[in-house]
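Hi,

Here is the structure I promised to send over. Have a look at it first, and my notes follow below.

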Amino acid sequence: MNLQKSKNSRFARLTRALKLNFLKLLRAPGGAHKVSTGFALGFGLELIVISTASLVYLVFYPIVRLSGGSLPAAIVGNVVGKLTFLPIILMPLAKQIGSWILPAHSMGQGLVHESAFMELFRGNWSALSELLLGGLDILAGMSVFGVILGVISYFVVKFFYVRALNRRFERRLEKRKQAAMSPTSASVLIRKTSQS
């Protein structure tokens, strides 16, 4: 019973975190294009974080600013990308796609051998190229996934952003109409006109 309760609470916490990030996204400065661009960049760059050993964060801010995206939306997109665990799930498929893009014969020996790590510790720096070229196919594959999922997330976020803004606008109009139609507002209006 207690295990089931903890699973439900984890799911509820994850749901609340996603809702909170969506609300932050709606309140991010800028229009629909700026917010969608920022989210798409953050989400797409999250996919290549593991394969670049987090070095992508050095260029995260300049990329978002140069593209005209919203930085808060990019951060939310990055967090949502972390919560989905997509970089880990897609890594084997990305390695396969990367090996199609960058064939093994053009990258030297192809597969990374376990001995390459030991050779690196012994001072053999030629093993470094083997390690780097072995991760290059994963980087290429994750870059492809980042571009594809970034473009898809741009349109999804733009759709939901515009829809949420229209709903908020309609609710405000309804509240104004109800306030104008209520008897208390009519009596206040009558008093103001009779006093002047």
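Which residues lie nearest the centre of the largest pocket? Before the answer, please keep in mind that this is a predicted model. The residues in question are Phe22, Leu25, Val156, Val157 and Phe160, and they belong to a lining of 20 residues. The space in this pocket comes to about 410 Å³.

As for where the lining comes from, helix H1 (2-26), helix H2 (32-46), helix H4 (71-84) and helix H8 (126-181) each give two or more residues to the largest pocket. H8 provides the largest share, with 11 residues. By residue type, the lining of the largest pocket has 14 nonpolar residues, two polar and four charged.

Two of those helices, H2 and H4, also caught my eye as a pair. Their axes are 7 Å apart, and the helices pack at an angle of about 40°. That angle falls between the 35 degrees below which helices count as roughly parallel and the 65 degrees where roughly perpendicular begins, so H2 and H4 are oblique to each other. The crossing of H2 past H4 is right-handed.

If you would like to display the contact, H2 brings Val35, Gly38, Phe39, Gly42, Phe43 and Glu46 to it. From H4 come Ala73, Ala74, Val76, Gly77, Asn78, Val80, Gly81, Lys82 and Thr84. Sorted by type, the residues of this H2 and H4 contact are seven nonpolar, six polar and two charged.

Happy to talk it through whenever suits you.

Best wishes

Conventions: Residues numbered from 1 in each chain as written. Predicted model: local features only at pLDDT ≥ 70, side-chain atom pairs only at ≥ 80, totals over all residues. Heavy atoms only, no water. 1 Å grid on protein atoms, 1.4 Å probe; cavity = no way out; pocket = protein on both sides within 12 Å on 5 of 7 lines; lining within 4 Å. Points joined across faces, edges and corners; volume = space filled by probe spheres on them. Helix = DSSP H or I, 4+ residues; strand = E, 2+ residues; numbered from the N terminus. Nonpolar A, V, L, I, M, F, W, Y, C, P; charged D, E, K, R; others polar. Axes fitted to C-alpha atoms, helices over the stretch in contact; angles between N-to-C directions. Parallel < 35°, antiparallel > 145°, perpendicular 65-115°, else oblique. Left-handed = near helix turned anticlockwise from the far one by under 90°. Contact = heavy atoms within 4.5 Å.
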